[in-house]
Amino acid sequence: MHKLYSNKLVIFSLVLPGLLTFLIAILAPIVLSVYYSLTDYSGLGAANFTGLANYAALVQDEVFWRALLNSVLLALGFICIQHPIAVLVAWKLDRLQGKAEGLLRCIYFLPNVISVAVIAYLWKFIYNPNFGLLQKVLELFGYEGSFNALGSGTAIWAVLVVLVWHGFGWGMLIYYTGIKNIDQVVYEAAALDGATSSQTFFRITLPMMKPVIKYNVTLAIISALKQMETVYLLTNGGPGNETQFMATYLYKQASGSYKYGYGNAISVVFIVICLAATVLMNKLFAERKEAV
Amino acid sequence: MAKAVQLDTGKAPGAGANQKGGTTTKLKNLFSLLVCGSLLASTLAGCSGSSTAQNNTAASGGDDAVTIKVFSNLTDRTSGQGLIEQTIFDAYMAENPNVTIEVEALDDESYKTKFKAYATGGNMPDLVNIWCSPSFLDEVVAAGTLEPLNADDYADYGFTEGSLDGVTYDGQIYGLPRNTDVLGFYYNKDMFEANGVEVPTTWDELLEVAQVFQDAGISPISMDGQDKWPLAHFINCMIGTVKGADTYATMVNSVQNSDYSDPVWNDTISAAAEQASLLFQPGFETTDYATSLNLFVNGQSAMFFMGSWEMSMAPDFEVGYFTMPDFDGDGEGVIGAYNGGGYAVSFSSAVKEEAIALLNYMFEPENWSNLSWKNGVCMSAQDSTQYLTGNETALQNDIINALNNASGITGMTYNDLGDSAYKTLPEDSTAEVLSGMISVDDFFANLQNG
């Protein structure tokens, strides 16, 4: 069997399906995307070569920078709000044991098994200033006006709340699995040495979770950058372009405005940013590993 | 890949001849070949699956069997316009047993995206929905996506004057309009009566009515602001009451020359921006179509601004309809109406003649025009007077009276008069100025700078 796997033809055959999939489904679209980003293609008719005109326009496009800023904000929201809470909840869940552990784990994960469309409309209704739950709660506390959380000025924060809430279950579950994989002997030894709960968390749980944290944080950044469905259904980038994210703006330009070439320029920049973010995260965690 | 297989087949005898491999080596080589072969076969099978499926489809139909693929934006096939469309298709298939009609339906935005994908891929379905406006059709026609139709075929179809203008390019028609869409206000008659207000005939009266409802804690007008185009229609209707018969020419001139210096622009945009919070429900800029309709149907707003295609709504109160009150109060003007959706035949269709035959069948006056009116769904772009039954609903009568009493119609709105890339600019800018996100000056600066 070992010799069989050493056979170059077999190796080639085993690699080929994956390689073909990569070439056809990933590399070819990226190459085409780069090509079309250098044209004024509208999606129909001829594509005229325009050089770097789309990229020049992109640099001056305020909405693009706004979309990028929103994506960065979301990534920060994930890293600074969602993930610390997810780690704490996962750790607490692990300590709970018994039936409560399973029940709460299911409850926290529940939003992730609900369709994105349902989630978007659920929050859309909660936020609605005419009949929404939020408005009614505010009225209970004596608020007399109409509060449109998805309106200008507050929309981006309202969207961030939904996205952070919706993605919480996944993050928590991955951290929870990471914690479960930590050898109980370590905890027992710490207990024998008289370690407090917080000491156990900061000196044992967190350091041993580093690989999981690295994976989860990288995933969170990529997820923030490619955020599309929930925002599209919740606000469609509005009001104005206040809640525009990279992916929704790309879609709007390519499909709504028929600026296919311009949309591809956004997608190329989008790919570069995603790659840079991934490399940066790998480097950041690798350096820390060396430091340890 | 074939080369790899041939190479292995050639090596095996050689390996045996030079005594380097015995039976075990041969078996291993054979096993390697089997592994390679099965993997390659499965890969190739995956790649060639579609063509095999296509061949099967073609073979199963028989010699004179025809399958017409229809791409529709009417997703609900059990009520409204979707039901009318499906009913006509079913009747056509019953009359022509050799014809099978396959419908693929998507909602508007998804439809437009996939339409472009089909056009780019050159595999457009045979009969497709279109929008009879430059923002949709200009590039589609220029790219040669649609089959030209013979205008003489429709001489007796009763299409109303000007209704084919939107699908005509260089004297050649490329599709047929489906409806005449009148834009206006559906209103809750019970609510109007309970609050002692009459149907407004001027802009100032509309503001007074809105104030009455605001004071009563009721949203005056339910508006779909998230989709933005209804807001552009609202402005278009306002301009129609001022410019009258010159409305369309004014719009075209402004859009084509980026010239918005006609005072009507500033007057209407300023007034609408100033009064939007009085007229529309809170959060109108983030309210979608379904929610805005539901606000009205559930009695949470007194009026609903939308097109006549909603005439089949049946809430548990009596609904009336009126068009945009006179903005400048001179008693003249036209109503907001245009021919929006329609149908065309794909140029690349393999069953072009059959698709045109189906299209012609759909628009024989006793079909679309008759069925859509009798079922209270919408008004066709054809003369429907012969199909008036006398049993029309009050809402239908309100709409038909609005159209009959009008001195003219506005035609397409400004957001649909440029090319496709232009469309989002006026829609975004209109939504932003009406929701107070940008100033009126910024609105015009946006449109002028493109």
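The exercises below, each with a worked solution, go through two chains of a predicted model.

Residues are numbered from 1 along each chain as its sequence is written, and chains are lettered from A in the order in which they are written. Because the model is predicted, local features need pLDDT of at least 70 and side-chain atom pairs count only at pLDDT 80 or more, while totals for chains, interfaces and linings use all residues, and side-chain values use heavy atoms, with hydrogens and water left out.

**Exercise 1. Describe the secondary structure and burial of chain A and of chain B.**

Solution. Begin with the helices and strands, which are DSSP runs numbered from the N terminus (helices are H or I with at least four residues, strands are E with at least two). Chain A has 14 helices and zero strands, whereas chain B comes to 16 helices and 12 strands. Next take burial, where buried means under 20% relative accessible area, exposed over 50%, and partly exposed in between (1.4 Å probe, protein chains only). Of the 292 residues in chain A, 44% are buried, and of the 450 residues of chain B, 52% count as buried. Lastly, the C-alpha trace of chain A spans about 80 × 75 × 35 Å along its principal axes.

**Exercise 2. Work out how chain A and chain B meet.**

Solution. Start from contact, which means heavy atoms within 4.5 Å: 43 residues of chain A are in contact with 40 residues of chain B. The size of an interface is often given as the accessible area lost when the parts come together. By that account, with buried area taken as the accessible area (1.4 Å probe) that two parts lose on being put together, summed over both, about 3,400 Å² is buried between chain A and chain B, and carbon and sulfur atoms give 60% of this area. On the side of chain A, L44(A), N130(A) and Y258(A) supply 19% of the area that this chain buries against chain B, more than any other three residues.

Then look for charged pairs, a salt bridge being a side-chain nitrogen of Lys or Arg within 4 Å of a carboxyl oxygen of Asp or Glu. The rule finds two salt bridges across this interface, and D288(B) forms a salt bridge with K124(A), their closest N and O atoms being 3.1 Å apart.

**Exercise 3. Place I335(B) in chain B and list what surrounds this residue.**

Solution. First locate I335(B), which is found in the loop between β10 (319-322) and β11 (337-338) of chain B. With a relative accessible area of 9%, I335(B) is buried. Leaving aside neighbours within four places in sequence, I335(B) is in contact with eight-listed partners among which are V182(B), T323(B), A402(B) and L403(B).

**Exercise 4. Examine helix α15 of chain B from end to end.**

Solution. Helix α15 of chain B runs over residues 420-434, and its 15 residues reach 23 Å from first C-alpha to last, close to the 21 Å expected at 1.5 Å a residue (the expected span is 1.5 Å times one less than the number of residues). This helix, α15(B), is mostly covered, since 13 of its 15 residues are buried. After α15(B) comes G436(B), whose phi is positive, near 80°.

**Exercise 5. Explain where N112(A) sits and what it touches.**

Solution. N112(A) has its place in helix α5 (residues 98-113) of chain A, and with a relative accessible area of 18% N112(A) is buried. Not counting residues up to four places away in sequence, N112(A) touches H166(A), G167(A), G169(A) and W170(A).
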